[in-house]
Amino acid sequence: MKVDVLLGLQWGDEGKGKIVDVLTPKYDIIARFQGGPNAGHTIEFEGNKFVLHTIPSGIFNANTTNVIGNGVIIDPYVIKKELQMLNKGGIAVDKNLLVSRKAHLILPTHRLLDAVFEKAKGKNKIGSTLKGIGPTYTDKVSRNGLRIGDLEEKNFDVKYNKSRNRHLDTVMLYDQDYEDITIDGLPFLEYEAAWHNALEVVHKMHKINNEYYLNNALEQGRSILAEGAQGTLLDIDFGSYPFVTSSNTTTAGMCVGLGIAPSKVGKVYGIFKAYCTRVGSGPFPTELFDEAGQKLRDVGNEYGSTTGRPRRCGWLDLPALKYAIMLNGANELMMMKTDVLSDFNQIKVATKYVIKGKETEELPGGGITSKLKSVFKDVNGWNKSLEGIEDYDHFPEEVKQYVKFIEQFVGIPIKIVSIGPDRTQTVFT
Ligand code: GDP
Ligand code: IMO
Ligand code: MG
């Protein structure tokens, strides 16, 4: 068996949670491989709505095992809240959630550092979700991190205090009194106490050596779907650096984030919105600042699932989509939020960039930068509701033409057209 991968091809929030949930019945295991609580994956079914941050989106199927891989970073405070939310919603989480001993811990002081570093950047801020992502991955790479497995060691407190002191020294360098900083609405020391309280929940979680667990599962013929977080254009190497997240969000990130060899990669599902959104700072060549952008935001309810911030909206950027497909080796696409374009007479799609007066489909060395100007093509809208459509043949002709145009441009097929947030609003082509 091989591992299939589902990941975002844009700036995140493409609808990964929804589609992982839709595909879950086909898989024995769903595994998250990178990112942390900066992610917000929404799943809607039977009138319920859940937003997951760390727990894989396969958790709603009692027969599926969910794995939080070594590449993920975990905040005990956040995961405790997530588990409580699922519990309240009647979702059983017990033996079907496994966590890697190698996954790193987000400490309260990582969140302090995130806040302090962002503030110091002033108008150049990244627009981070302030979940401690950058500082935690920095500690991992600089070999100073604490991992889930450390919780099982006697000297955890010693290691914790060493990291805490080192982080607080840095906070002081920025002339900030850490006791004045609030995290999730709590003064730091109160937040820190709540974080320590939450460790009890993590202690009870079922820990695994995920590389053995997953490779053995493949040997035994069990099927695995890896669930990406964020999106390709936020990748630490290939995103619009420095306005990116701190992990590799691509298929290659799956290999290191789960301990799966590249030769064991199966299908790669790339997921994108029928337009583009971005939350946080950084270049966005097709961004709209007019009524059309506001309409996308209103109709698409484009407000962050994790932070509630309004998302920036723009037209579909085909050269960027093609770039993301190349980086991931994606072989099947899913187009999301097609319904949001339903009241547009005319839709625009970017097909090229102009750089120094020259047209090109290729991104420059710096990747997506603020210097890129998009060249747009007009496409006819369908101006009809897509509600209730279950069969691809019943879509208006203009929707099919939009699908065909994208497929021809990028060279791979669109297998799902999504027309609403609910599990059932999913049309297979
Ligand atoms: P993720 O981070 O990739 O899982 O995506 P988010 O959950 O952050 O954002 C996607 C948002 O769009 C969520 O509110 C979903 O419920 C919603 N959504 C997903 N697919 C569709 C769709 O086809 N149409 C509409 N209107 N909403 C959708
Ligand atoms: P999901 O998995 C959209 C963005 C932030 C910011 C940048 C860096 O729901 O698609 P970080 O907190 O990682 O330091 O923020 O990345 N960002 C996301 N945008 N969806 C996400 O996740 C994101 N995770 C991080 O807004 O611009
Ligand atoms: Mg999201």
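This passage describes the domains, the interface between two of them, the surroundings of two ligands and some local features of the backbone in a predicted model.

The domain assignment divides the protein into three parts, of which domain 1 is made up of two stretches of the chain, 3–100 and 208–268. Domain 2 covers residues 104–202, and domain 3 covers residues 272–428. Between domain 1 and domain 3, the C-alpha centres are separated by 23 Å. The two domains touch through 36 residues on the side of domain 1 and 40 residues on the side of domain 3.

The size of an interface is often given as the accessible area lost when the parts come together. For domain 1 and domain 3 this buried area is about 3100 Å², and 58% of it lies on carbon and sulfur atoms. Within domain 1, the residues that lose the most area to domain 3 are Leu-9, Trp-11 and Lys-18, which together account for 24% of what that side buries.

Polar and charged pairs also cross this interface. Three salt bridges are found between domain 1 and domain 3, and in the salt bridge that Asp-21 forms with Arg-423 the closest N and O atoms are 2.7 Å apart. In addition, 17 residue pairs are in polar contact across the interface of domain 1 and domain 3, both residues of each pair being at pLDDT 80 or more. On the side of domain 1 that touches domain 3, at least two residues each are supplied by strand 1 (3–8), helix 1 (16–23), strand 3 (41–45) and strand 13 (265–273). Helix 1 gives the most to that side, with five residues. By residue class, the side of domain 1 that touches domain 3 consists of 17 nonpolar, twelve polar and seven charged residues.

Two ligands were examined in turn. Around ligand 1 there are 20 residues, and those that come nearest are Lys-16, Thr-42, Ser-305, Asp-339 and Ser-418. The side chain of Thr-42 places an N or O atom 2.5 Å from an oxygen atom of ligand 1, while a polar side-chain atom of Arg-311 lies 3.3 Å from an oxygen atom of this ligand. The backbone takes part as well, since a polar backbone atom of Gly-420 is 3.1 Å from an oxygen atom of ligand 1.

Ligand 2 has 21 residues around it, of which Asp-13, Lys-16, His-41, Thr-129 and Thr-245 come nearest. An N or O atom in the side chain of Lys-16 is 2.7 Å from an oxygen atom of ligand 2, and a polar side-chain atom of Thr-245 lies 2.6 Å from an oxygen atom of the ligand. For Val-279, it is a backbone N or O atom that lies 2.9 Å from an oxygen atom of ligand 2. Lys-16 is thus listed among the nearest residues for ligand 1 and also for ligand 2.

Over the whole structure, 20 salt bridges are found. One of them joins Arg-166 to Asp-139, with the closest N and O atoms 3.3 Å apart. Because Arg-166 lies in helix 5 (residues 156–173) and Asp-139 in helix 4 (residues 133–141), this pair ties together parts that are 27 residues apart in sequence.

Two details of the backbone complete the description. The peptide bond that leads from Tyr-241 to Pro-242 is cis, with omega near 5°, and Pro-242 is found in the loop between strand 12 (224–227) and helix 8 (251–258). Glu-46, a residue other than glycine, has a positive phi near 45°, and Glu-46 is placed in the loop between strand 3 and strand 4 (48–52).

Technical notes:
Residues numbered from 1 in each chain as written. Chains lettered and ligands numbered in written order. Predicted model: local features only at pLDDT ≥ 70, side-chain atom pairs only at ≥ 80, totals over all residues. Heavy atoms only, no water. Domains from an automatic or database assignment. Contact = heavy atoms within 4.5 Å. Buried area = accessible area lost by both parts, 1.4 Å probe. Salt bridge = Lys/Arg side-chain N within 4 Å of Asp/Glu carboxyl O. Polar contact = N/O pair within 3.5 Å; in protein donor to acceptor, adjacent residues only side chain to side chain. Helix = DSSP H or I, 4+ residues; strand = E, 2+ residues; numbered from the N terminus. Nonpolar A, V, L, I, M, F, W, Y, C, P; charged D, E, K, R; others polar. Near = heavy atom within 4 Å.
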